[in-house]
Amino acid sequence: MPLVKGGKITADSFAHVTDDAELPAQPGILISATRFLADPEGLLGRPGGKLGVIWPNNRDVDDLVPYLDRLAMVALVFPSFRDGRAYTQARLLRERYAFRGELRATGQVLRDQFVFMLRAGFDAFEVKKQSDAEAFADTVKRYSVFYQPTGDGRLTALHRRMQLRHSESAGL
C-alpha cells in the first residue's frame, strides 16, 4: 500500500504488527489501539524504537492524551468515505492536544478528500492505489493559501497579508 508523506511517495518506516504477533526488533512499529491500551507503559518503554498506534474512529482520543508526547505516530482510520469522525479526531489531536508526531490517515483515503485531510492536520496517507499516491503529490502543490484556519499550521490568507504589510511598513 503506497504511503504519501510530505507530498512525496515514500517507504513506510513503521512495521504493522498484528495483535498476536511478537514485536519485531525494527525501530518503528504500528500496533492496534487494543494492544496498546493493554500495556501502554510497557510498549512505550520498549528499547530503541518509535511507536505508532492505529486509533479507530469510534474511540475517544482523550484515552491517548496521557501518552501523546511519547507516541511517534497516530494512524486514524476512515472505515468509509462517508464517515468523517477521523477528521474531528485529527483536529482535536493537533489543535487541542498539540500532537506534533506523524498523523496518518488510513482506510478509505480517497483523492477527493486529500485537501480536507491536510487541512485537518494529517501529514501522512496510506492510499490503496499508486495512481492516488501520484495524484496526491500533485494536489499538495495546488493550494498554497487558505482562508480558514485549521489544524495544519498554515497561515491563513489574512495572516499572510498582515505579515506582508508589517514587513513593508518596517522597511524589510
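## Long-range contacts

In this predicted model, 47% of the contacts in the protein chain with a separation of 6 or more join residues 24 or more positions apart. Ala-75 and Gln-113 give a sense of sequence against space. They are 38 residues apart in sequence. Their C-alpha atoms lie 16 Å apart.

## Overall build

The protein chain contains six helices and eight strands. Their order along the sequence is β-β-β-β-α-α-β-β-α-β-α-β-α-α. The pattern opens with four strands in a row and ends with two helices. Along its principal axes, the C-alpha trace spans about 60 × 35 × 30 Å.

## Surface and charge

The protein chain has 172 residues, and 42% of them count as buried. Its accessible surface comes to about 9,600 Å². Carbon and sulfur atoms account for 53% of that surface.

Charged side chains number 24 positive and 21 negative. The centres of the two sets lie 7 Å apart.

## Helix 3

Helix 3 covers residues 85-96, 12 residues in total. From first C-alpha to last, helix 3 reaches 16 Å. That is close to the 16 Å expected at 1.5 Å a residue. Ala-98 follows helix 3 and has a positive phi, near 55 degrees.

Which residues of helix 3 are buried? They are Ala-86, Tyr-87, Gln-89, Ala-90, Leu-93 and Arg-94. These residues cover an arc of only 165 degrees around the axis, so they sit on the same side of helix 3. The buried residues pack against three strands and a helix: strand 5 (50-55), strand 6 (73-78), strand 7 (102-107) and helix 4 (114-120).

## Ala-75 in strand 6

Strand 6 is one of the elements that the buried residues of helix 3 pack against. Ala-75 is found in this strand. Is Ala-75 buried or exposed? Ala-75 is buried, because its relative accessible area is 1%, and the cut-off for buried is under 20%.

What does Ala-75 touch, leaving aside neighbours within four places in sequence? Its contacts are Leu-30, Val-53, Ile-54, Trp-55, Arg-104 and Thr-106. Val-53, Ile-54 and Trp-55 fall within the 50-55 range of strand 5. Arg-104 and Thr-106 fall within the 102-107 range of strand 7. Strands 5 and 7 are also among the elements that the buried residues of helix 3 pack against.

Note on methods: Residues numbered from 1 in each chain as written. Predicted model: local features only at pLDDT ≥ 70, side-chain atom pairs only at ≥ 80, totals over all residues. Heavy atoms only, no water. Buried < 20%, exposed > 50% of the residue type's maximum accessible area, 1.4 Å probe, protein only. Contact = heavy atoms within 4.5 Å. Areas by Shrake-Rupley, 256 points an atom, 1.4 Å probe, with all protein chains shown as cover. Lys, Arg positive; Asp, Glu negative; His and termini not counted. Charge placed at Lys NZ, Arg CZ, Asp CG, Glu CD. Expected span 1.5 Å × (residues − 1). Arc of directions from axis to C-beta.
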